[in-house]
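This report describes a single protein chain from its atomic coordinates. It begins with one strand pairing and then turns to the sheet, the cores and the overall figures.

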Amino acid sequence: MGILDRIERSLDRGVTSVFSPGRGQLKPLDLAQGLKRECDDQIQVLDRTRTLAPNVYTVYLHSQDFDRFSSWQDTLLDELQRVLMEHADKQRYMFVGGVSVTLEQDDEVRQGRFETESRTERGSVAPATGAAQDAPGGSPIVEIDGQQYLLTGPVTVIGRGGDADIILEDTGVSRHHLELRAEPDSSLLATDLGSTNGSYVDGERIRTPVPLHDRSLIKIGRTRLTVLLPGAGPAAR
């Protein structure tokens, strides 16, 4: 899709931004600053305490710029995603799905320039920013090794498999190990999915679905998870 098409679409949907970093080669910092600008431009204020930011971003580059980044693209994308999450936390934005950034070639974008698009795509898990932690009536949060995940969907599957909602690199964890299900009354139930090594809540093995409480400690394999429930006070950060 060319630049004119994207500008025309931006008039209708407001999802495209064009940035010019000036003369010379593009640098990772240029992309990071452009994505932060895109994030700020496309926020939606839901209410006094909640501001929603896009969580899916695409950066369009001329093929020569794309080729310069391609040899270390995975590392670059990880860093850009981290920058966006830190920016959202600082600005007190929230997400409703995992944050992702992709690079695409488009030779209608001039060399040394780039364009961005963004959208909101709901998922079962999102990074837990400060706004999400503090908003009243929010979603449960799971903390693993200091990283917090907002459970935005009704069902969250945790395991080692690539299709799990939260993927753990732990050989003691089954591909689909544990299910966390949000009930209509805002409670959260934990169910072991027939894992090899079992799941434990506060030291007790799960044999039937177990209701979780604020600060419940879950152990699967060598991994420990802490559950933070909405309305139970501010989450530790």
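Val 157 stands opposite Glu 179 in β12. The model is predicted, so local features are given only at pLDDT of at least 70 and side-chain atom pairs only at pLDDT 80 or more, while totals for chains, interfaces and linings use all residues. Numbering starts from 1 along each chain as its sequence is written, and side-chain values use heavy atoms, with hydrogens and water left out.

**The sheet around β10**

Strands here are DSSP runs of E with at least two residues, and helices are runs of H or I with at least four, both numbered from the N terminus. Two strands pair if DSSP finds at least two bridges between them. Strands of a sheet pair through backbone hydrogen bonds, either parallel or antiparallel. The pairings described for this sheet are as follows.

| Strands | Sense | Bridges | One bridge pair |
|---|---|---|---|
| β10 and β12 (residues 178–182) | antiparallel | four | Val 157 and Glu 179 |
| β10 and β11 (residues 166–167) | parallel | two | Gly 159 and Ile 167 |
| β13 (residues 188–192) and β16 | antiparallel | two | Ala 190 and Val 210 |

These strands belong to an open sheet of five, with the order β11-β10-β12-β13-β16 and mixed pairing. β11 and β16 (210–211) are at the edges with a single partner strand each, so one side of each has no neighbour in the sheet. Buried means under 20% relative accessible area, exposed means over 50%, and partly exposed lies in between (1.4 Å probe, protein chains only). In strand β10 (residues 155–159), four of the five residues are buried, so the strand is largely enclosed by the rest of the structure.

**The nonpolar cores**

A nonpolar core is a set of buried Ala, Val, Leu, Ile, Met, Phe, Trp, Tyr and Cys residues joined through side-chain atoms within 4.5 Å. The largest one has 31 residues, of which Leu 31, Val 59, Leu 61, Leu 80, Val 101 and Leu 103 touch the most other members. At least two residues of this core come from each of α2 (28–41), β4 (56–61), α3 (63–70), α4 (73–91) and β5 (100–105). α4 gives the most, with six residues. A second, separate core of 21 residues includes Tyr 149, Ile 166, Val 173 and Ala 190.

Contact means heavy atoms within 4.5 Å. Leaving aside residues up to four places away in sequence, Val 59 touches Leu 31, Leu 35, Val 101, Thr 102, Leu 103, Glu 104, Phe 114, Glu 115 and Thr 116.

In α3, the buried residues are Ser 63, Asp 65, Phe 66 and Phe 69. Seen down the helix axis, they fall within an arc of 160 degrees (taken from the directions from the axis to the C-beta atoms), so they line one face of α3. They pack against α2, β4, α4 and β5.

**A buried glutamate**

Glu 117 lies in strand β6 (residues 114–119) and, at 10% relative accessibility, counts as buried. Its side chain makes a polar contact with the side chain of Tyr 60 at 2.9 Å. A polar contact is a pair of N or O atoms within 3.5 Å; within protein, one must be able to donate a hydrogen and the other to accept it, and residues adjacent in sequence count only if both atoms are side-chain atoms.

**Overall figures**

The protein has five helices and 18 strands. Of its 237 residues, 48% are buried. Among contacts with a separation of 6 or more, 60% are between residues 24 or more positions apart.
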